[in-house]
Amino acid sequence: MLDNLLTFANQQAIADGTAVVSSYVYDAGTPHGGIGTAAAPKLFEGEGQDVIVEVTAAANTGKDDYQIQVDVIAADNDALSSNPVTLATYTTAAIAAANLPTAGKPLVIKLKPAGQTAAKRYYGLKFDLTGTGSALTST
């Protein structure tokens, strides 16, 4: 079962050579409905949870290969830019044009953020496409 509140990206385009944060950010909110001064939660404390990312490529533009890095990040603001911490990272090896992921055969990345020590309110993903690849889409 998938909770839409925990969807970080849906058909989000990722341009070559540009690091972007996910189009959706999870707001863990203030505990107790905003009453009191409790700290933001640590969603990935201890053993953590799995985060699954599917990536497909747009039509190849004649370039040879690409490499994608996906980070699970947490921060103090919804732009994921204030005091961000990386909770998990995955970087692919270079992928040849003939092996680009497609809608029928997406690249599935499983990240396991765990051991979070700093409480943060906002959670999301950061994508970084490098090399000489075509544009990608995250679902």
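Start with the aromatic rings of this predicted model, in which the structure holds one aromatic pair. Select F44 and Y123, and you will find their rings in an edge-to-face arrangement, with 5.9 Å from centre to centre and 65° between the planes. The two numbers belong together, because a pair of aromatic rings is described by the distance of the centres and the angle of the planes. Now trace the chain away from each ring: F44 sits in the loop between β3 (26–27) and β4, while Y123 belongs to strand β9, so that the pair links distant parts of the chain, 79 residues apart. If you switch on the surface, keep in mind that F44 and Y123 are both buried.

Next, turn to the nonpolar interior and select V51, V53, V70, V72, L111 and L125, which are the residues with the most contacts inside the largest nonpolar core, a group of 24 residues. Colouring by element helps here, since two or more residues of this core are given by each of β4 (51–57), β5 (65–75), β6 (85–91), β8 (107–111) and β9 (122–131). Which element gives the largest share of this core? That is β5, with five residues.

Stay in the core and centre the view on L125. Leaving aside the neighbours within four places in sequence, L125 is in contact with a list of residues that includes F8, V20, V21, V51, V53, V70, V72, I73 and L80. The list also holds S22 and D71, which you can add to the selection.

From here, move to Q12, a residue of strand β1 (residues 12–14). Is Q12 buried or exposed? Its relative accessible area is 11%, which is under the 20% cut-off, and therefore Q12 counts as buried. Display the side chain of Q12 and follow it to the backbone nitrogen of S23, which it reaches at 2.7 Å.

For a contrast, select A94 in the loop between β6 and β7 (95–96). A94 has a relative accessible area of 54%, and because this is over 50%, the residue counts as exposed. Leaving aside neighbours within four places in sequence, A94 is in contact with D65 and Y66. Draw a line between the C-alpha atoms of A94 and D65, and the distance is 6.0 Å, although the two residues are 29 apart in sequence.

Finally, colour the chain by pLDDT, which averages 80, with 78% of the residues scoring at least 70. Among the elements, look for strand β10 (residues 136–138), which has the lowest mean pLDDT, 57, and then for β6, which has the highest, 93.

Note on methods. Residues are numbered from 1 along each chain as its sequence is written. Side-chain values use heavy atoms; hydrogens and water are left out. A nonpolar core is a set of buried Ala, Val, Leu, Ile, Met, Phe, Trp, Tyr and Cys residues joined through side-chain atoms within 4.5 Å. Buried means under 20% relative accessible area, exposed over 50%, partly exposed in between (1.4 Å probe, protein chains only). Helices (H or I, at least four residues) and strands (E, at least two) are DSSP runs, numbered from the N terminus. Contact means heavy atoms within 4.5 Å. Rings of Phe, Tyr and Trp (its six-membered ring) pair if their centres lie within 6.5 Å; planes under 30 degrees apart count as stacked, over 60 as edge-to-face and the rest as tilted. pLDDT is the predictor's confidence in each residue, from 0 to 100. A polar contact is a pair of N or O atoms within 3.5 Å; within protein, one must be able to donate a hydrogen and the other to accept it, and residues adjacent in sequence count only if both atoms are side-chain atoms.
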